[in-house]
Amino acid sequence: MVCDTVVVIIYEAVVESVSLMTILDEVLDFIQRPGSREGFDALALRVFAYQVDHVPAYRSYVAALGVEPAAVRRVDQIPAVSTLAFKYAQMESLAETPATQARLFLTSGTTIGMAERGRHRVLHPEIYRASAIGHLRRMMFPDGRRLAMIALHPTAERMPESSLSQMISWCIEEFGTAELACVATREGIDVAKAIEFLRGCARAGAPVCILATTAACAKLFAALTESSTERTSRTRLLGARGSRASLAIVLPAGSRLMDTGGAKGQTAPLSAAEVAEQASRCLNLDPALVINEYGMTEMCSQLYDATPFNSDRSEPTAARVKLPPPWLKSFVLDPGSLRPVADGEIGLLAFFDLANVASVSMLLTEDLGVIDGGGVRILGRAATGDARGCALAIAEFANRPP
Amino acid sequence: MCARDRRVRESATLNSTSVAPQVDEVFAAEFSLRAVLAANAPPVECVAAAIVATCCQLGSIEHPRGCAAVTAIAARWGWSALSLPLDRVCAPWSEFDRVLAFARTLRARRELIGFIMPANLPGAGLHEVAAAILAGCAVIIKTAAAEPIFFAEFARALAEVDAAVGARIAVFSWGRKQTDLTKAMSARCDRIVAFGDDGTIAQLEPARASGLGQPDRGLSRFVGFGARVSGIVVTAGAIGGAGRDALAETIAKEVSVFEQRGCLSPHHLFVGETDGLATRDFAEEIAAALERLARGPLPPPRALALEDAIAIRRVREAARWRALSEQSVRLWEGALPGWTIVYDRDAAFTGGPGFRTLTISPFFDPADLARRLAPVTGRVEAMGVKFSTADSRDYLAELREVIGRTGASWICEPERMQSPPADWPHGGGEFLRMLRAS
């Protein structure tokens, strides 16, 4: 009883002391000058206390789970909110009037069976920007270069509700040169224009950074492969020797690609290894500079492939792990109990993202993964079916060789 | 018994331990079964008697064979044996007179039919296998790697009961990656009966036209049983009387047995609404019944596969967050792996991930029910229906018409949903029509 009372008093003291600007400043400061893991944990608990107090939907959820906020002493005890919640509830702090710069981002709504789009209002885009840029600098631009930029996804002015668009725009602002192109609109990408821009960079010897969804990369690679095939056929007809190297775009050393989104929007999804292989073949990119990003609308921080370019890790492309920024902690949870699984076991990925300070930080994703050293191996969306029937055997018949 | 006969018989024994055969063993089985087909067929009375005797053994937990089978499957899956009531699977084939009467509706044919069985529950496909054998066919059964036991035991029992009938069945088990075996089987059988989802079956259209045995008088040589769903409709009268508690228990039991892995398990319950709260109250009572079953006679599986647990988690989280902001949704849940009830006032028919997950919605009149059932029209296997003598004849006639429009192949009281009769037109009846065609 005495202990409980002490805990409550400490908790109330913490809550009282956590004024809005203090917690925002603390988080921003942590992102700009990452501290120790202990510092992270202490700040995470303060952020949790703040969110219980100021995000009514989260407070109701924590109460419905029967969790006493004051009794939460470790980050892994903080109740995780399913990303599905962003479809149904207002996940933002009501402690303040939304600033004029507040942004509303919507999920792409591609999840099967979910017509609703998730909504994430980011009250403090400066924290989101600090998080995005901070980790981009470490993972995509550790060499400190500014590069020509091409976006194969609409930038923020073309798709303001897309968090990816916003991130791409910030990336261009921070790391780009005057040479830039956005060849995508809501309707699709102009592959011809992309190829023209990339050929221009190749001719000028200007290293370029390609920012794209994996689906857009697939379209670009397909177009380049198609044009290679056509040209090879034409060259053969003319009796000359075709050379594949001469048909690909030979981008200058230091060029790089950030792709994201995985299987989303693709009928025959490219694997990470295929993206790296095709980027190398079609664009002359060093596979270590082909880097996949993992992020989501509901989260202000991202994870990137660890490669020899940005880390001391050198796993084969297909087995890469993703590295989180120091202000994001990863968990793998048992989907039944929502407790952390043993190291190396597969489960549902969850993250505590300090950069989500003004909404909800502890997020439960719908993706499978496993913790691997300091990184996370993302295994993709769990394959689940809505309907059950006599349906579990036929695939083996369908897949039989012709 | 020739050497090939022995190999076929032995393969059935091996299959209970999931040892995959070699391709030449599948060919040997085909050779042996074609030899059997070429000989005189046993009288239909003998075939019916052998099937009935076999199903009486397998369908009884009191019988050593039935007990051994259900215990082995339950242990393999980590389920309670009581949640696998094989008596329901076998009951339609346990009464000689009925089975014989059904057999006499079939046209005699000497064909070799290959079955690709599902993994979702033991005995799924028994109707088709029994009907094929009753019609005079021989069958090769490829069981799923996850459930190799039921049909291996079926074949063994059939051979013990009547060697001549038992010689008409060969059972193998192999995994989906062993496409050479599936291809060999498909090439050697006159017809293939496969169980799977509709998208996959659509992909198989080319296979219908080529590569499956001999030309066949225009009859389909491939029959696919796609994914189907089932539900329950109860009228306001049915929950208004003395039978309310028993009905809640019945529905909870139907949701619990087989863990909703079969196409006959209910996923959505529609309740005739009167005062705006009756359905929600009834949902709470079903939740309580599910909890009693889970803590008592029908404990849930020891653990769930990751994808199943995630699917249930997804249903729960969506319902939980909707319930926090909408009065029209409520969630009741047992500790996973357990049970899940989602009351959703406005929902149309919703298929669930199984493992005791039930959506419950009211309907306000037959037209409203029709609107809610419309999304699954043509994909409904069974509809359990409970009404009361207090319901008017006109109202029931309207409901009957609405439910009939779903195309359900089996409409019955809720407690009979998962034990359809021998002449059940599973999946719309294509296979049965084929066995009856000249």
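1. Helices and strands are taken here as DSSP runs, with at least four residues for a helix and at least two for a strand. On that basis chain A has 12 helices and 16 strands. The model under discussion is predicted. Of the 402 residues of chain A, 48% count as buried. Among the contacts in chain A that join residues at least 6 apart in sequence, 69% link residues at least 24 apart.

2. The domain assignment divides chain A into domain 1, made of 1-95 + 327-381, and domain 2, which covers 124-294. Between them, 11 residues of domain 1 of chain A are in contact with nine residues of domain 2 of chain A. On the domain 1 side that touches domain 2 of chain A, α2 (20-32) and β16 (375-381) of chain A each supply at least two residues. The most is given by α2(A), with five residues. By class, this side of domain 1 of chain A holds nine nonpolar, two polar and no charged residues.

3. Within the second segment of domain 1 of chain A, which spans 327-381, strand β13 (residues 328-333) of chain A deserves attention. Five of the six residues of β13(A) are buried, leaving the strand mostly covered. Its pairing with strand β14 (residues 347-353) of chain A is antiparallel and runs over six bridges. One pair can be named in this ladder: S330(A) has F351(A) in β14(A) as its bridge partner.

4. H135(A) lies in helix α6 (residues 125-139) of chain A. Is this residue, H135(A), buried or exposed? H135(A) is buried, because 24 other C-beta atoms lie within 10 Å and the cut-off for burial is 20 or more. Its C-alpha atom is 9.4 Å from that of I31(A), although the two residues are 104 residues apart in sequence. With neighbours within four places in sequence left aside, H135(A) is in contact with S301(A), Q302(A), Y304(A) and P325(A).

5. In chain B, five strands form an open sheet with parallel pairing, in the order β3-β2-β1-β4-β5. The edge positions belong to β3 (169-173) and β5 (222-225) of chain B; each has a single partner strand, so one side of each is without a neighbour in the sheet. Direction ignored, neighbouring strands of this sheet are turned by 15° against each other on average.

6. The pairings of strand β1 (residues 112-116) of chain B can be followed on both flanks. Five bridges join β1(B) to strand β2 (residues 138-143) of chain B, in parallel. Four bridges join β1(B) to β4(B), also in parallel. F115(B) takes part in both: its bridge partner in β2(B) is I141(B), and its bridge partner in β4(B) is V193(B).

7. Strand β4(B) is mostly covered, with five of its five residues buried. R191(B), V193(B) and F195(B) point one way from the strand, whereas I192(B) and A194(B) point the other way; all are buried. Towards the edge, β4(B) pairs with β5(B) in the parallel sense over four bridges. In that pairing, F195(B) stands opposite F225(B) of β5(B).

8. Two helices that meet this sheet may be considered together. Helix α10 (residues 179-188) of chain B lies across β1, β2 and β4 of chain B, and runs at about 165° to β2(B). Strand β1(B) is joined to β2(B) by five parallel bridges. Helix α7 (residues 126-134) of chain B packs on the sheet and touches β1, β2, β3 and β4 (191-195) of chain B; the direction of α7(B) makes about 160° with that of β2(B).

9. In soluble globular proteins, nonpolar side chains tend to be buried together. Here the largest nonpolar core has 179 residues, and those with the most contacts inside it are V27(A), I150(A), L152(A), I286(B) and I341(B). Helix α15 (residues 306-325) of chain B gives the most to this core, with nine residues. Apart from this core lies another, of 82 residues, including V89(B), W93(B), A124(B) and L181(B).

10. The surroundings of I341(B) can be listed individually. Not counting residues up to four places away in sequence, I341(B) touches A283(B), I286(B), A287(B), L290(B), W332(B), L358(B) and I360(B). Both I341(B) and I286(B) are among the residues with the most contacts inside the largest nonpolar core.

Definitions and conventions: Residues numbered from 1 in each chain as written. Chains lettered and ligands numbered in written order. Predicted model: local features only at pLDDT ≥ 70, side-chain atom pairs only at ≥ 80, totals over all residues. Domains from an automatic or database assignment. Contact = placed C-beta atoms within 7 Å. Nonpolar A, V, L, I, M, F, W, Y, C, P; charged D, E, K, R; others polar. Pairing = 2+ DSSP bridges. Axes fitted to C-alpha atoms, helices over the stretch in contact; angles between N-to-C directions. Buried ≥ 20, exposed ≤ 12 C-beta atoms within 10 Å, placed from the backbone. Core = buried A, V, L, I, M, F, W, Y, C linked by C-beta atoms within 7 Å.
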